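Let's take a friendly walk through the side-chain contacts of this protein chain. Have the structure open beside you as you read.

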Amino acid sequence: MNDELRTLYEQDQADRREKLPADLGKRDAERRQRVEELIEAGALQAAVDYYHAAMVFQHGGTPEYSWQAHELAKQAVEMSYEQARWLTAAAYDRWLMQQGRPQKYGTQYIPHGTCWKLWPIDPTTTDTERAEWHVPTLEETMQHVADLCANPPQQL
């Protein structure tokens, strides 16, 4: 495992706990730049390295970064890192959402007033497909949205 990638991943996740930092976009961009450098240098060796890099790209805010996150997470899955399955689906959903298209699996939420709502989902996706990528069933996802609205988070 690449320790620097792990640290970048941990920083990415820490920035998303509780209140988001005012300079989150800048911090994300700096992390992404460093991950790009590490990729170019061939520093991704273990499956978990691909997963860590994917998570940093997942927070890039553009379809290109979301697609990169999807590809990196998919590589981690191909290297038998099962934890990357959900991220592979989530990055794909975010990529679709950023293009204004319905998501496939149902992993992406958007703010809706003081609550959240699920971005539209392709109705042809089955719960069997979701399970393959470690995504909850549609019913479980809808219940999660209801729970979020009943107990809204501090920040949207």
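A good place to begin is with the aromatic rings of this predicted model, where the count comes to six aromatic pairs. Take phenylalanine 57 and tyrosine 65: their ring centres are 5.8 Å apart and their planes meet at 50°, so the pair is tilted. That label follows because planes under 30 degrees apart would count as stacked and those over 60 as edge-to-face. How buried or exposed are the two partners? Phenylalanine 57 is buried, with a relative accessible area of 3%, whereas tyrosine 65 is partly exposed at 25%. Elsewhere, Tyr9, Tyr51 and Tyr81 come together as one aromatic cluster.

Rings also take part in contacts with charged groups. If you look at tryptophan 133, you will find the charged end of arginine 85 sitting over its ring, 4.8 Å from the centre. In a second case, the ring of tyrosine 105 has the charged end of lysine 104 over it, at 5.6 Å from the ring centre. Keep lysine 104 in mind, as we will come back to this residue.

Next, the sulfur atoms. In general, a disulfide is a covalent bond between the sulfur atoms of two cysteines. The model has one disulfide, and it joins cysteine 115 to cysteine 149 with an S to S distance of 1.6 Å. Which parts of the chain does this pair link? They are distant ones: cysteine 115 belongs to strand E2 (residues 115-118) and cysteine 149 to helix H7 (residues 138-150), 34 residues apart. What is the handedness of the disulfide? The torsion about the S-S bond is about -125°, so the disulfide is left-handed. As for surroundings, cysteine 115 is buried, with a relative accessible area of 11%, while cysteine 149 is partly exposed at 34%.

That leaves the salt bridges, and the count comes to 15 of them. One of these pairs arginine 34 with glutamate 4, whose closest N and O atoms are 2.6 Å apart. Arginine 34 lies in helix H2 (residues 24-40) and glutamate 4 in helix H1 (residues 3-14), so this salt bridge ties together parts that are 30 residues apart in sequence. Arginine 34 is partly exposed, at 30% relative accessible area, and glutamate 4 is partly exposed too, at 34%.

A local example is found in helix H4 (residues 63-78), where lysine 74 and glutamate 71 are three residues apart, a separation of about one helical turn. Their salt bridge has its closest N and O atoms 3.4 Å apart. Lysine 74 is partly exposed, with a relative accessible area of 29%, and the value for glutamate 71, also partly exposed, is 29%.

Now back to lysine 104, the residue whose charged end sits over the ring of tyrosine 105. Lysine 104 also forms a salt bridge with glutamate 129, the closest N and O atoms being 3.0 Å apart. Glutamate 129 is in helix H6 (residues 127-132) and lysine 104 in the loop between helix H5 (84-98) and strand E1 (109-112), so the pair ties together parts that are 25 residues apart in sequence. Glutamate 129 counts as partly exposed, at 27% relative accessibility.

Finally, try tracing a whole set of charges. Asp12, Asp15, Arg16, Asp23, Arg27, Asp28 and Arg31 are joined into one network by salt bridges that share partners.

How values were computed:
Residues numbered from 1 in each chain as written. Predicted model: local features only at pLDDT ≥ 70, side-chain atom pairs only at ≥ 80, totals over all residues. Heavy atoms only, no water. Phe/Tyr/Trp six-rings, centres within 6.5 Å; stacked < 30°, edge-to-face > 60°. Buried < 20%, exposed > 50% of the residue type's maximum accessible area, 1.4 Å probe, protein only. Lys NZ or Arg CZ within 6 Å of the ring centre and 35° of its normal. Disulfide = S-S within 2.5 Å. Helix = DSSP H or I, 4+ residues; strand = E, 2+ residues; numbered from the N terminus. Salt bridge = Lys/Arg side-chain N within 4 Å of Asp/Glu carboxyl O.
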